[in-house]
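Here is a friendly walk through one protein model, best read with the viewer open beside the text. Please keep the sequence at hand as well.

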Amino acid sequence: MSDTTMERGSLSIGGPSEMSVICRIFMAAVFGLLVFVQAGSASHAAGELAALTYQAAGDELRTRVVINFDREPDVSTMLLDQPHRLAIDIPKAVFAFDKKSVEPRGLITDVRYGLIDDQRSRLIFTLKGPFVVEQLNVIKNDNSPGYRLVADFVAASDRAFAEALKTQNATTASTNAAPKGDRLAVAAPDEASKGPKPFTIVIDPGHGGIDSGAESASGIMEKNVTLMFAQQLRDELAKLPGLRVEMTRSADTFLRLTERVRIARQYEANLFISIHADTINRGSIRGATVYTVSDKASDAESRAMADRENRSDAVAGIAYDNETPEIADILMDLTRRETHTFSLSFAKTVVKSLKKDVTMINNPHRFAGFQVLRAPDVPSVLVEIGYLSNAEDEKLMLDPAWRTHVAERLASAVGEFANMKTAGALN
């Protein structure tokens, strides 16, 4: 496909609240239709479909797109790979989108649209990673003329996306030839057809890039300490058989909190471990702490720490939303409960392993509303390996031998948990 027939947006971070987006979508639809009808654009030939407005809202886990048309479009879709994309074909159309509205948002990194032949137009959505289209419907507008296309993109695992491609190819590739340059993607055999997947751990070095995290009195930045420790933990876990180890970042790069969760879900993680080394206003407090997620914090210090971590996106100018989406699906609610039980079990295993010879704070298993631990289907813990506000902890965290020892103890806990979960002892 030639880029000359497609229009595209550019990068933008942040966005309005969901309610304001809904209001804007409605107002834009009404205003866009009035302008289009009144202007009588010369480029809009008689009988040609008009795509009037485009709006997107969401984050790296779930994004909704709403496109308003002057009349009902005939829609067909196609998954494309490398990168992960969705193509939506419609009859030949004129596009009246505001350029700013198609800027990247949530899961969507790029939107292109235009003619692909003299009868059809196409929209191509490029996403940050594997996804599923939870729904894609064309709905008649209730309070204004025309129709709207509503598509919900949800972050998914590599395996789920590969299986969707395999299903698509089996049902369409033998009978329908895609235009040159947009052939149906082939599902990777090592993803779509391989046997039982290994027990997968995703290590998340906290902070990174523009977000340096906490800083000690001597200028040591949390983002560097967490990455050094995460790399040593990765190396220790690599020694254990039957485990797959991934990292959310392996360099000094910024990641949104929801992007970290999306990566864990992409890899179908059996365990997510977020590494931190915070500061606290009492320099005498030192030692490791293990956190699990809870809407109610175990203590004031844990609540304050969660609040600080949850606002790390703001360092990069990204709005922070403290509201947790309502759980509408009872099956998802049950999944969350089971996941939380596994998280608690692993936290206890970590405390038991570290307490043998690693300094920990009083009541080392604590809980608070950490956004990065909210994946509904991935057992997750946040481990504070120490406090940069304490001189002794800082000295230890900069010692490679100490980091290796703590990584060994944490890896031992992971191995014990993986064995119990694989054997069904935790079910």
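## A charge over a ring

In this predicted model, the charged end of K421 is placed over the ring of F342, at 4.4 Å from the ring centre. Both elements involved come up again below: α7 spans 330–354 and α9 spans 400–422.

## The largest nonpolar core

The largest nonpolar core has 39 residues, and the members that touch the most others are I201, L233, I273, I275, F346 and I385. As a general background, nonpolar side chains in soluble globular proteins tend to be buried together.

Which elements supply at least two residues each of this core? Among the strands they are β11 (199–205), β12 (243–247), β13 (271–276), β14 (288–293) and β16 (380–384). The helices are α4 (222–237), α7 and α9. Of these, α9 gives the largest share, with nine residues.

F346 is a good residue to click on. Setting aside neighbours within four places in sequence, F346 is in contact with L271, I273, V381, A413, V414 and F417.

## A second core

Apart from that core lies another one, made of 29 residues. Its members include A56, A93, L149 and F153.

## A five-stranded sheet

Now for a sheet. Five strands line up in the order β6-β2-β3-β10-β9, forming an open sheet with mixed pairing. At the edges are β6 (93–95) and β9 (131–140), each of which pairs on one side only. From one strand to the next, the twist averages 25°.

In what sense do β2 and β6 pair, parallel or antiparallel? Strand β2, covering residues 49–58, pairs with β6 in the parallel sense, over three bridges. To find the two strands side by side, look for A50, which stands opposite V94 in β6.

## Aromatic pairs

The model holds 11 aromatic pairs. One of them joins Y54 and F97: the ring centres are 5.8 Å apart and the planes lie at 50°, so this pair is tilted. Y54 belongs to strand β2, whereas F97 sits in the loop between β6 and β7 (108–115), so the pair ties together parts that are 43 residues apart in sequence. Are these two residues buried or exposed? Y54 and F97 are both buried.

The two rings also have wider company. Ring pairs link Y54 and F97 with F95, Y113, F125, F131, F153 and F161 into a cluster. F153 is thus a residue to revisit, as it appears in this cluster and also among the members of the 29-residue core.

Conventions. Residues numbered from 1 in each chain as written. Predicted model: local features only at pLDDT ≥ 70, side-chain atom pairs only at ≥ 80, totals over all residues. Heavy atoms only, no water. Pairing = 2+ DSSP bridges. Helix = DSSP H or I, 4+ residues; strand = E, 2+ residues; numbered from the N terminus. Axes fitted to C-alpha atoms, helices over the stretch in contact; angles between N-to-C directions. Phe/Tyr/Trp six-rings, centres within 6.5 Å; stacked < 30°, edge-to-face > 60°. Buried < 20%, exposed > 50% of the residue type's maximum accessible area, 1.4 Å probe, protein only. Lys NZ or Arg CZ within 6 Å of the ring centre and 35° of its normal. Core = buried A, V, L, I, M, F, W, Y, C linked by side-chain atoms within 4.5 Å. Contact = heavy atoms within 4.5 Å.
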